[in-house]
Amino acid sequence: MRAFARSYGASPLHLLALCASIALAAAAALRVADDPARLRYLAWFAGAVVLHDLVLFPLYALLDRSAAALVRRQRRPAPGSVNYVRAPALLSGLLLLVFWPVISRHSEGAYGTASGLDQSGFLGRWLLLTAALFLGSAVLYALRGRRA
Amino acid sequence: MSTARLAQDGEHGEHGEHGAGSPAPSYGFPGPLWRTLERLRPPGPLFRADLWRSPLRGPWLTSVLASVLLVGLPVLVLTGLLSYAAYEPRFPGNAFPADPGWLRLPDFSWPARPSWLYRLNQGVHVGLGLALVPVVLAKLWSVVPKLFAWPPARSFAQVLERLSLGLLVGSILFELATGVLNIQYDYVFGFDFYTGHYYGAWVFLAAFAVHVALKLPVMVTALRSRSLREELRTPLSRTEPEPPDEHGLVAPSPAAPTISRRGLLGLVAGGSAAITAVSIGETLGDAVRPTALLSPRGRSYGDGPTDFQVNRTSRAAGITPEVTGDGWRLVLKGGPTEVSLDRAQLLAMPQHTAELPIACVEGWSTVQTWTGVRLRDLAALAGLAAPSAGVVRSLEQQGAFAQATLSGAQLTAGDALLALRVNGADLSPDHGFPARVIVPAAPGVHNTKWVREIELRA
């Protein structure tokens, strides 16, 4: 048993649990193996990981580092002042990410078929929400400056 | 063997360069392979641990986020599977995927009471799924150094575990992406949403179960390493990195903090709250619907009796005034003789009024006051007082839900109606004139509109 654990790198139970899990996942994937859209399932599965790990994450990490660097160039940056930009930008970006299909009017056709409505209002609403978030943050920053 | 032992073994060889004083890395069989791999580190900063500078990353932070997901994600899976069951997949044509083979759920009759059952199920499924998006993103942020750790593995055990993590991350992102797109009518993925979301859930379930089994002891230990209450009282000025860890999460040379841990957790919670704030109104009802600023079902149609959410317009369904006019008949089949009724005859039958929701799989719902003939009265009229099932067919020629099979329980429920009127007015064309089905606790699309025929089964 010890020899197994040493050469495999973990206990036999580790191997059994992972094999069972991967086999169940493969069984689920096999259900769409004959589907004409099988490559699309695969592309969306793998693409979701690639887009998150190699596009979304580097993008927001880079934006965040740039914001922090900009704040550091102030004469006497107060600790944490970057968060007054970070928080509204993050919340606004999150709303844009999640509600992209209606904000960008990308799904207007199917939405119209279903509801009989158009998607004209959503971009304006998101912009107003974004304005409110940054304004709220600015007010908090100003109040903080007065208190300090 | 306990799961603690299981996890410990899984951690073998992940010590490496992180944390002074951790034991030397051990390699599985064949040793030379893993040692060679370790030497083949690609040039550049990406695969170096000191690229990661955040002083907040560490086992405790990851575990706090993980504990939220440990509660939330099983609820998502459960409500998702229940939603599939609510479509009554035992009847052909009712649910997609039609035949999941080994992955089918046990057959049971979806109850027709309480009427808000499906509304609650989908409100939770979609509302929680949306709210967990920032938590999942934060969790992935917290473990990203492990994605780029070098070597990627020091044993076959670690290769398998990384493969399984790939399935876990792939499936959660796949499920969130398809769900978020589907509730906004964006079918850019080009496959059947239900099918992809159902099988994706099984991939997720498989990978999630083994991840929890392997990591639960690590999570519990990490949660005990700091007090949440204390952490929520710690301002930026007193924020320190977590002590060096054996998992490779704590930065070896952390930058000065720019946000406290409570600040980061607050941002994640704020993200969940913001998403919820601009979407929950579509689930809670017409009074607060306008607060759902960014969800597709936050918009009002007006304040007339038939001005409520439409799922498929009569125009899109190809329903013309000619087919719904005086020539329209409801045909009841399956009894000793076929019965045909026009709208006046239906209105002359005993009318029943019930307050029932239309609750969509997409999470939105709307409760209205429906008036019409009880389905069980129609069944009795057809000569089948206790049908086992009934296929309801629409005038609509195309569309995945131009017909739906209702169970015996649904057909005989006291409030299950062939509705002719809503809120005191005749149904509008978009809401199914001349007659539509409305069944308590059924998924919205099973409330067939523009009904032409009900075929009952003994």
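**Close-up views of chain B**

**View 1. The end of helix H12 and its buried side.** Right after H12(B) comes B:Gly383, with a positive phi near 95 degrees. This is a predicted model, as are all the views here. Looking back along helix H12 (residues 375-382) of chain B, you will find B:Leu375, B:Leu378, B:Ala379 and B:Ala382 buried. These residues sit on the same side of H12(B), because the arc they cover around the axis is only 100 degrees. The spacing fits a familiar rule: an α-helix has 3.6 residues a turn, so residues three or four places apart point the same way.

**View 2. A salt bridge between helices H7 and H8.** Here B:Glu231 pairs with B:Arg261, and their closest N and O atoms are 3.2 Å apart. The partners come from distant parts of the chain, 30 residues apart: B:Glu231 belongs to helix H7 (residues 228-231) of chain B and B:Arg261 to helix H8 (residues 261-277) of chain B. Both B:Glu231 and B:Arg261 are buried.

**View 3. The salt bridge of B:Asp286 and B:Arg289.** The two side chains meet at 2.7 Å, N to O. B:Asp286 is partly exposed, at 37% relative accessible area, whereas B:Arg289 is buried, at 3%.

**View 4. A salt-bridge network around B:Arg393 and B:Glu453.** In this salt bridge, the closest N and O atoms of B:Arg393 and B:Glu453 are 2.5 Å apart. B:Arg393 lies in strand E5 (residues 389-394) of chain B and B:Glu453 in strand E10 (residues 451-457) of chain B, so their contact ties together parts 60 residues apart in sequence. Both B:Arg393 and B:Glu453 are buried. Through shared partners, salt bridges join B:Lys333, B:Arg393, B:Arg452, B:Glu453 and B:Glu455 into one network.

Definitions and conventions: Residues numbered from 1 in each chain as written. Chains lettered and ligands numbered in written order. Predicted model: local features only at pLDDT ≥ 70, side-chain atom pairs only at ≥ 80, totals over all residues. Heavy atoms only, no water. Buried < 20%, exposed > 50% of the residue type's maximum accessible area, 1.4 Å probe, protein only. Helix = DSSP H or I, 4+ residues; strand = E, 2+ residues; numbered from the N terminus. Arc of directions from axis to C-beta. Salt bridge = Lys/Arg side-chain N within 4 Å of Asp/Glu carboxyl O.
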